[in-house]
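Reader: Could you pick one part of this protein and walk me through it slowly? I'm new to this, so please start with any term I'll need.

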Amino acid sequence: MRKVERDSLGQAQEKQRSWYDEKARLRTFERGENVMVFLPLKTDKLQGAREGPHAVLDRLDDVNYVVAIRDRKPKTVHVNMLKPYYDRKEMVFWVPSIEGTPEGLEEPVMYGDWDDEAGIEELRLLHHLPSQNKDQLLAALKDFETVFSNKPGKTDLAVHSIETGSHRPIYSRHYPVNEVRQEIKREIAEMEELGVIRPSTSPSASPVVLVRKQDGIIRFCVDYRKLNAITTPDAYPMPRMDTLLGRLGPAKVTSTLDLSKGFWQMALDPDAIAKSAFTTPTGLYEFTVLPFGLCNSSASFQRLINNLLQGCEQFAMAYIDDIAIFSPDFESQLTHLTTVLD
């Protein structure tokens, strides 16, 4: 009986192995080549992540490799668990702390940083970029000068809705904010001027929370936890970080676009506007655009950006409001960048 069990198990394993090998991606690694290896997490063996770089010691066949894992014995790894490792140490730039900010606070600047004013002239390019390439880049971006602004735009290609079924409107009293009342009034005045909020008569009300950041700046937030608890989830898939990094790896030139107040560029439908209402000591207000803090904000905005980038998937991708444009060379980058901006 045990012989029959072993034979059946062996046949099943061989069938599973053959099927898995058929799905293997066509990759070839040489001895000594550095790779990223998908390994179980030490804290949870049921989850995994890519680690590396680790060196390939030997190639056993078309799909199996022996890899030297640091602090562990060499491991036989299927090619599906391997990805090329790209050494980017020559392209990493140290960003100095900004004058006037607390020591130790770092703010990454990728490809450019914009002041309050719009305009191509305000773009600070990386110093290593040759002057000829700088001139080509500025000339290519000249037609899109008004796009580069810290003031958020607004799209009519999609609206965000908040589905709560038959639940009653959420109502909460505002939190005590005596010490920061002036900050709340200032934030409300600025958002009203931008047109992202307006006075409300909604039966809904969520409280405001002010969070002090490391640099001392107070961030205005709305506590939407009760509203989120009764909201039907949006199952739209978010990009996997390992997939994004894997696509960026082979690129030689990469640009990133950070959408200014990205969520605020997407409108709410009338029902969602009422549900977004928040209460403060100075009154009740509601958002006219997608606010931060809603449980489906990221999924809704990701769907919008993915739709906008249709046809550009070979050289552009996005994670919520951050768009990466990647190319094999500088000339292709100019074409890809202007295609996305157009």
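Author: Sure, one term before anything else: two strands count as a pair if DSSP finds at least two bridges between them. In general, strands of a sheet pair through backbone hydrogen bonds, and they can do that in a parallel or an antiparallel way. Keep in mind that what you're looking at is a predicted model.

Now find strand S10 and strand S15, which covers residues 322-327. These two are joined by six bridges, and the pairing runs in the antiparallel sense. Want a spot to zoom in on? Asp 258 has Asp 322, in S15, as its bridge partner.

Next, zoom out a bit to the whole sheet. It's an open sheet built from three strands, ordered S10-S15-S14, with antiparallel pairing. At the edges sit S10 (253-258) and S14 (316-319), and each of these pairs on one side only. If you look at how neighbouring strands in this sheet are turned against each other, the average is 20 degrees, direction ignored.

There's a helix to add to the picture, too. Helix H8, residues 330-341, packs on the sheet and touches S10, S14 and S15. Compare the direction of H8 with that of S15 and you get an angle of about 145 degrees.

So, to put it together: S15 is paired with S10 over six bridges, the strand order is S10-S15-S14, and H8 packs on that sheet.

Notes: Residues numbered from 1 in each chain as written. Predicted model: local features only at pLDDT ≥ 70, side-chain atom pairs only at ≥ 80, totals over all residues. Heavy atoms only, no water. Helix = DSSP H or I, 4+ residues; strand = E, 2+ residues; numbered from the N terminus. Axes fitted to C-alpha atoms, helices over the stretch in contact; angles between N-to-C directions. Contact = heavy atoms within 4.5 Å.
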